[in-house]
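Here is a set of exercises to work through with the model open beside you. Try each task before reading its solution.

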Amino acid sequence: MRFRLTEDQWALRAGMRHLLERRFDREALWGAVEAGGSGRAGGGPRLDRGLWRALGEAGFFALRLPEADGGVGLGLPEAALVFEEAGRALLPGPLLATHLAAGAVPGAATGETVVAAVDGTLVEWLAEADVVRGDATGAVPLRSLDPLTPLHRVPARQPGPRGPVAALLTAAEQLGTAARVCELAAQHARAREQFGRPIGAFQAVAHLCAGMLVRTETARAAVYAAAVTADPVDIAAARLLADEAAVRGARDCLQVHGGMGFTWESEVHLQLKRAWVRTHRTGGVTESEEILAAALAAGGA
Amino acid sequence: MDLTYTPEEEEFRARLRAWLARVLPGLPPRPSPDDWPGRRAYDLGWQRRLHDAGYADVHWDASPTIRLIFLEETERAGAPYVGANFVGLLHAGPTIAAEGTPEQRERWLPPILRGEQVWCQGFSEPEAGSDLAALRTRARRDGDAYVVTGSKIWTSHAEVADWCELLVRTDPRAPKHRGITWLALPMDAPGVTVRPLRTLAGSAEFAEVFLDEVRVPVANRVGDENDGWRVTLVTLSFERGTAFAGEVVACRRVLGELAVEARKNGRWDDPALRRRLGRLHAEFRALWRLTQWNVSAAEASGGVPGTGGSVFKLRYSHARQELYDAAADVLGADCLDLDRPWTLDRLSSLSYTIAAGTSQIQHTIVAERILGLPKGR
Ligand SMILES: Cc1cc2nc3c(=O)[nH]c(=O)nc-3n(C[C@H](O)[C@H](O)[C@H](O)COP(=O)(O)OP(=O)(O)OC[C@H]3O[C@@H](n4cnc5c(N)ncnc54)[C@H](O)[C@@H]3O)c2cc1C
């Protein structure tokens, strides 16, 4: 047992972080937010096709496709790592649906084709997609809470894309958010001064930040382990803890930022809103809890 | 990232599992919590059997992974808990193994492993709990001995201990972290008085220890004089980092038993309770993964666990309390019956966010040492 990142995995993660810093910096992030306007129904942000192809070239979508099929031939652990980076950077777009479509939908693997998918009663990025998986008839745009994720509602509930894998990669994105907001909170707590000292010297603030780190690192162990075992019960556990780490982390980060955290200009609300959007994907709290309870009842603690 | 075990590790697991299956059914019943001499004999007896079967050295001669497998398998099988051997096996022993001289290792470690001696921990004092480095128990050098005077409190298992890992102040003029020394105190030395304290669970789990001009040979010092704080941090990192690892498995076992009980008494049909148990399942699975993560980190860095221990300890101590609160909901009014084992466990779980460093102190450690936040006051 060597439950640590391998050198290759470190390199992969660093490479993805670097690519996103280059291709999707804070200016690009805010550009995308402003392009989305005030979240008018039917409006919303446009997808950066150039960036999408760059992701395709970097192997983001073809990561788990066998080499024989033109893919990168890596596994779920590597996919979790790049999705964690995407989550961290708040990368917009139907990343999950396109990644899951690689190999099945022509052009998805290379980033030529943008794929959206119906998940429950929602579709992310429907208007910008070239291909939609699932039945989107009667889809109605709604005014999305997240300025970086346009949403449509469909009339009847449909199962989400490929169960456990989708849940795991969603958990990985949530982990990215959890880690990022923890870092943002700690940075702010070191820099912002009140009463003549950095607010991080106040225990109420320090302990809030420490709680964020504990939730993040627990979720990290759960997400990475689930990526290694691909076990549905492990994945349900990872999803529960990662959802919690992201949502509670983003809320606490907002609190640490004070009034600054309640402004449009801070990144914090974007992280919180995205985390909320992800909690509505298949495999969320209720479903995960029931999976875990059923496993318990079957004698498998 | 790799969660598979090597063939040698799997072989160790299989051998241990088979052995446990053979010996556990024939074990005598556990003595009552109040029968201290009985508990001492029982706990030492179990350690003796492990030793004779060749499983004792896992505690500090084997790799962290082998040790983890040992904890996992013994807890899963419901083998006796380390009990009175907790300090000796899980933190005094590992500290001596890491910091002691070859003579000290030879002198103290084999008796712990053979189940001959019980250790206790004399760190806390009435005026120095969370602020451990504020300790006042004095040790003055007199020839080849230290003469120790002061008092310790909440010393678990003190009544039945042979040895005590004792922190003393050897230089009262030095800054408070600098003048501390780590000593091994024989509990039968003249001048040592133990006065049992009753815990909220009703048993005499810990005690006050009074030290009146007790002579401790200089040869019993682990680490240098006045360098005891560094040695203490090693002890604490074992105490927080790895000592609870096996308990996570035990909690998972209890969770399984809770599900069985809830299905039997109908509470399982309550979706809120069922899902709460589901969430606890996630919690303890994740805590096990965190344990594996931390063990792998320790393995990579030479065996002593790092600050990950504080992360683990914080999360685990709260999860354990939530587990037994859920048990109470499964039991209904029976949770008030002290003869139900979960009732006592629920009471003792209250100590987990206090003992081995309170949750508030662990939060501060995480904030300062991991997140780099400025020191508070
Ligand atoms: C069951 C049990 C077994 C134990 N066994 C042993 C043993 O074998 N050997 C041993 O040496 N000790 C032992 N202890 C002692 C234990 O380590 C101390 O109780 C613990 O470190 C807390 O110290 P205290 O009790 O003095 O509480 P205090 O330090 O008085 O703390 C009281 C409260 O104030 C909070 N607090 C204190 N300082 C701060 C701060 N700076 N910031 C924020 N909050 C703060 C604490 O979190 C706590 O909530 C045991 C304790 C228990 C409960």
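**Exercise 1. Find the residue that stands opposite Leu142(A), then work outwards to the sheet.**

Step 1. In this predicted model, Leu142(A) faces Leu151(A), a residue of E4(A).

Step 2. Now look at the two strands. E3(A) and strand E4 (residues 151-158) of chain A run antiparallel and are joined by 3 bridges. Strands here are DSSP runs of E with at least two residues, helices are runs of H or I with at least four, and both are numbered from the N terminus. Two strands count as paired if DSSP finds at least two bridges between them.

Step 3. Widen the view to chain A's open sheet: 4 strands in the order E2-E1-E4-E3, with mixed pairing. Strand E2 (131-133) and strand E3 (140-142) of chain A are the edge strands; each has a single partner strand, so one side of each has no neighbour in the sheet. From one strand to the next, the twist averages 50°, where axes are lines fitted to C-alpha atoms and angles between N-to-C directions run from 0 to 180 degrees.

A note on conventions before moving on: residues are numbered from 1 along each chain as its sequence is written, while chains are lettered from A and ligands numbered from 1 in the order written. Local features need pLDDT of at least 70 and side-chain atom pairs pLDDT 80 or more, whereas totals for chains, interfaces and linings use all residues, and side-chain values use heavy atoms, without hydrogens and water.

**Exercise 2. Describe the surroundings of the ligand.**

Step 1. Locate the ligand: it lies between chains A and B.

Step 2. Look at the neighbours, meaning residues with a heavy atom within 4 Å. There are 17 of them, and the closest are Gln121(B), Ser124(B), Ser130(B), Trp154(B) and Thr358(B).

Step 3. Check the polar contacts (pairs of N or O atoms within 3.5 Å). Oxygen atoms of the ligand lie 2.7 Å from a backbone N or O atom of Ser124(B), 2.6 Å from a side-chain N or O atom of Ser130(B) and 2.8 Å from a side-chain N or O atom of Gln360(B).

Step 4. Consider the cover. The ligand alone exposes 970 Å², of which the protein buries 66%, by the Shrake-Rupley method with a 1.4 Å probe.

Step 5. Trace the shell to its elements. Strand E3 (145-156) and helix H11 (359-370) of chain B each give two or more residues, and the largest share, 3 residues, comes from E3(B).

**Exercise 3. How many helices and strands does each chain have?**

Step 1. Chain A has 10 helices and 6 strands.

Step 2. Chain B has 11 helices and 8 strands.

Step 3. For the overall extent, the C-alpha atoms of chain A fill a box of roughly 60 × 50 × 40 Å along the principal axes, and the C-alpha trace of chain B spans about 70 × 45 × 45 Å.

Terms used. A polar contact is a pair of N or O atoms within 3.5 Å; within protein, one must be able to donate a hydrogen and the other to accept it, and residues adjacent in sequence count only if both atoms are side-chain atoms.
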